[in-house]
Each structure stands twice: as C-alpha cells, then as structure tokens.
2 protein chains.
Amino acid sequence: MVLLSGGLDSATTLAIAHAEGWDCLALTVGYGQRHAREVDRARQLAEGLGAIEHRVIDLDLAAWGGSSLTGDGEVPRAAPAGERAAASIPSTYVPARNTVLLALALAYAEARDAGAIFLGVSAVDYSGYPDCRPAFVDAFRALARVATRVGLEGRAPEIRAPLINKSKAETIRWGLALGVDYALTWSCYDPCPDGRPCGGCESCRLRAKGFAEAGVEDPLGSDASPGGPGGVRRG
Amino acid sequence: MVLLSGGLDSATTLAIAHAEGWDCLALTVGYGQRHAREVDRARQLAEGLGAIEHRVIDLDLAAWGGSSLTGDGEVPRAAPAGERAAASIPSTYVPARNTVLLALALAYAEARDAGAIFLGVSAVDYSGYPDCRPAFVDAFRALARVATRVGLEGRAPEIRAPLINKSKAETIRWGLALGVDYALTWSCYDPCPDGRPCGGCESCRLRAKGFAEAGVEDPLGSDASPGGPGGVRRG
C-alpha cells in the first residue's frame, strides 16, 4: 500500500516497493490541494510503475483553512537559504496532512490485509514540515499497533519510509535506476495555469537542487514547453 | 473540537465540553456509513448543545470495504453475552475508523488553534473495537505532539476522552444532568427503512442495557413510532 501524491518522492517510493516484490496498491488523496494535475499524474504513474490497483479518494482538507497550499492565498516564493531558519515551518504546511494520509492508508491497508504501508517522506531536502520526520513515522508506527484489529493480532502493517534519510539527489538517482519517468511527476505548489512549474516555490527549488546535485537534467524542467519531452500531459 | 457522530456518546461528550466552558467546534464525518440519518441528528445536536460551529465532511471509507457497517452485507445481530469472547472484534469494526476521525479532528483543531479534541469513546460498555481503548488514545496523544506545528511548539491540543472509563448507564446519567436530549441521538447500526431502531444489533443492545441500568426510559425506544416523543425527525 503506497501513498502516491504524484510527486517525485512518492513515485520513487512506489518504484522501490515494486522492486522489492510487493503487489502494490496505490492510494491518492485529493485533499483540496490546488492540483487536479497531480491526481492525473498519479494515475499515469500508478499504471506505469506496476501498481495492481489505484484508488483516488477525495477529502476537503481546505474546509477549515490553515495553509496557503489549500487556500486562496499566494504560495510564497522560497526564501534564500541564508534567510530561512532551519526550524521554521512555511505557510505551505497543511495541518496534520500526513497524519490524515497515513490514517487513510492504514484503513485501506487493514481492509485489504496489506503487509506494509510505504510513504515518500524525507527529512533531508525538505520543507521543515513536522510530519516528514522520523519521530512522526515512529509515532504512527506505534499507533498502528494499538489502533487496529491486525495490530492487536500482532500483524500491523509495517510503516516504511525508504527515503527518510535520502537527499533529493539520492532519491532521483535511485528512481532513475528503477526506471521512474520523472517527466510524469509534478512538484510545483503553484496553480501553474500555463502548465509549467513556476520554478520559484520551495518545492520547485528543492526539485531543481536535487536534479542539479544528481547531475541529471529534469525532464520536466522549469521552462519546459507544453507537450514537451517525456510525454508530459499538461493539465 | 468535538467529534460528533450523532450517537449517544458523542452527544454527551459535546455537552461535557460545553459545560466545561469550551467554545465548541463540532466535526461530523460522513464516512460511508449507512446512516445519513446520523448526520441529520448531528446537525440538530450541534445546534442544541451550543456548538459555535459544525462542519460535516464526506469521506468514503466504504471505498475499500472491510466492514459490515460500510458494506452491503448484513449487520449481525448481537450474540448473547455468554457466547461472545471478550477479545473478539465484531464485523461491524471499520478498519482504522477512529484513527481517521482523530486525524481529521487534529487537522481541524490545528487549523483553528483549538485547545483540545474531545471524542466519545468508551472501553466499558463497548463493542470491543481496538480504537476505543485507552492505549489507542494514549498513542494518538503521543502522535499529535510530533505530527503538528502546534505540537512542536509545545501546545498540541489535549486529546480528551471523558467517557473512556464510564459505563453506558453512567454516560446517560451524566448527559441527562447536562440536559442532553437523547431522543435526538441515534445508535442503531441497521438501515432502519421504517425509521425505527432495530433493537437487535450490538449498538441497540448496548443502548438498551445503558438505559435499563440508568433506570430511565429511552426516549427513542426500540419501538418508538415515527414522529414520536422528543421531536425526533425520522430519516
């Protein structure tokens, strides 16, 4: 059971799970984020990366606000590295997002008797969100053991975060070795009405840094033209 | 922030939070359960018990099956007490339901800077669900501290389960003292096309036992007629 947002990290995570030999069920949650595009990409990725099933469920996490990513406010530009305190959490943080996503994954996993839940969080090249850190994954692991029937029976699904200690460059290299088509992944936080990543938000910045450090070109690019390389379908 | 299903326990919990002086935000999750009726009741209860806001969000936990409560299967009759092993978990268990509900509550609570989350679980007169026990509440409390921005800032919402050690009869007496109109609460698991609780499912059995032990009559009854006492609006 793999949480698949349609971004670079979750696509790599699905490829990792598939390469380990799991029969993968993919789950995409449309949580009121700006990008229906991400859900489209997730469908293509799930198929391309060998998931045997892909579920998309809708959930309106924008109902109560609390984030620039789900609201009408402007997505902030990434601050230069020197200006940003390591401990700060940007306004793009969606309250308790990964808790909600993992809870839904746990429900799906238990209903289908899945042996593991994979999620693509990383605490290296990341935005400082609290629910991307090892402490969060550990706490959810403990919760899964007591919250479920399968947990009480001693067979709670493993909670796997294979990228948690990987830099974006390491993730990209791993994914390329597994055949991930990064042209299908989407990272930008902006609405991107012209179908191009903005290149200026925190997520675009982390992606660009990752490809640069990996020494490969981003097939999507930040100035890729519509209908460009890699069969990218633009929303 | 009070999780309000429309049942007896969550209504009492809202009344308790209100009596403690909290400005209460109520959250009802339509999770693919059989009862749109419960959502209707929740709206009436939220208003009647002084919630300053009530949100209803839809979520299809029936998408992947795994429970007789969200599926098309028959809701089982309660087994006689002597026949049921204490440790067994009935088929009405919805995989990871309370984990999902608390995760959504945590998102709502953090977005609105709520000081506490109240939920109406009890581990006394209950159906044996794993996510109604103190160990579950404790694990979620630990998770909330590391999963959120407010948690990292040392002000995670308290996770309160005031009924966790209360019998159904104690809950009912407490609620009556606080003015809860139990005619508005709904407990039955069955579809009840005629608008009457079935009287035979586990939830009806626990409710009947509670009222009997409390020494008061259930205003809903198991054979209440449509449009009967207490202003009950039938679905």
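The following paragraphs describe the fold of the chains, the contact between them and several individual residues. The structure is a predicted model.

Chain A contains 7 helices and 5 strands. Read from the N terminus, its elements follow the order β-α-β-α-β-α-β-α-α-β-α-α. Of the 235 residues in chain A, 51% are classed as buried. Among the contacts in chain A that have a separation of 6 or more, 72% link residues 24 or more positions apart.

The strands of chain B can be followed from strand E1 (residues 2–3), which is joined to E2(B) by 2 bridges in a parallel arrangement. Within this pairing, Leu3(B) stands opposite Leu27(B) of E2(B). Between E1(B) and E2(B) the chain passes through helix H1 (residues 8–19) of chain B, and the resulting β-α-β crossover is right-handed. Strand E2 (residues 25–30) of chain B is mostly covered, with 5 of its 6 residues buried. E2(B) also pairs with E3(B), again in the parallel sense, over 6 bridges. Here the bridge partner of Leu27(B) is Arg55(B) in E3(B). Leu27(B) therefore has a partner in E1(B) as well as one in E3(B), as a bridge links residues of paired strands.

In soluble globular proteins, nonpolar side chains tend to be buried together. In the present model, the largest nonpolar core comprises 126 residues. The residues with the most contacts inside this core are Leu14(A), Ala105(A), Leu14(B) and Ala105(B). When neighbours within four places in sequence are left aside, Ala105(B) is in contact with Met1(B), Leu3(B), Leu27(B) and Ile117(B). Two of these contacts, Leu3(B) and Leu27(B), are the residues that stand opposite each other in E1(B) and E2(B).

The contact between the chains involves 37 residues of chain B and 37 residues of chain A. On the side of chain B that touches chain A, two or more residues are given by each of strand E3 (53–58), helix H3 (97–111), helix H4 (134–147) and helix H5 (149–152) of chain B. The largest share of this side, 9 residues, comes from H3(B). By type, the residues of this side of chain B divide into 26 nonpolar, 5 polar and 6 charged.

Two copies of a chain are related by a rotation about an axis and a shift along it. In this model, a turn of 180 degrees with a shift of 0.0 Å along the axis lays chain B on chain A with an RMSD of 0.0 Å. Because the turn is 180 degrees and the shift is 0.0 Å, the relation is that of a two-fold axis. The same surface serves both copies, as 100% of the contact residues of chain B recur in chain A.

Some single residues complete the description. Ala96(A) lies in the loop between strand E3 (53–58) and helix H3 (97–111) of chain A. Its phi is near 55 degrees, a positive value in a residue other than glycine. Ala96(A) has 30 other C-beta atoms within 10 Å and is therefore buried, the threshold being 20 or more. Ala96(B) is placed in the loop between E3 and H3 of chain B, and has a positive phi of about 55 degrees although it is not a glycine. Ala96(B) is likewise buried, with 30 other C-beta atoms within 10 Å.

Pro134(B), found in helix H4 of chain B, is partly exposed because 13 other C-beta atoms lie within 10 Å. Not counting residues up to four places away in sequence, Pro134(B) touches Ala123(B) and Ile164(B). Pro134(B) and Ala123(B) are 11 residues apart along the chain, and their C-alpha atoms are separated by 7.4 Å.

Methods. Residues are numbered from 1 along each chain as its sequence is written. Chains are lettered from A and ligands numbered from 1 in the order in which they are written. This is a predicted model: local features need pLDDT of at least 70, side-chain atom pairs count only at pLDDT 80 or more; totals for chains, interfaces and linings use all residues. Two residues are in contact if their C-beta atoms, placed from the backbone, lie within 7 Å. Helices (H or I, at least four residues) and strands (E, at least two) are DSSP runs, numbered from the N terminus. Ala, Val, Leu, Ile, Met, Phe, Trp, Tyr, Cys and Pro count as nonpolar, Asp, Glu, Lys and Arg as charged, and the others, Gly among them, as polar. Copies are superposed by least squares on the C-alpha atoms of residues with pLDDT of at least 70 in both. A nonpolar core is a set of buried Ala, Val, Leu, Ile, Met, Phe, Trp, Tyr and Cys residues joined through C-beta atoms within 7 Å. A residue is buried if 20 or more other C-beta atoms lie within 10 Å of its own, exposed if 12 or fewer, and partly exposed in between; C-beta atoms are placed from the backbone. A crossover is right-handed if, with the strands pointing away from the viewer, the path from the first strand over the helix to the second runs clockwise.
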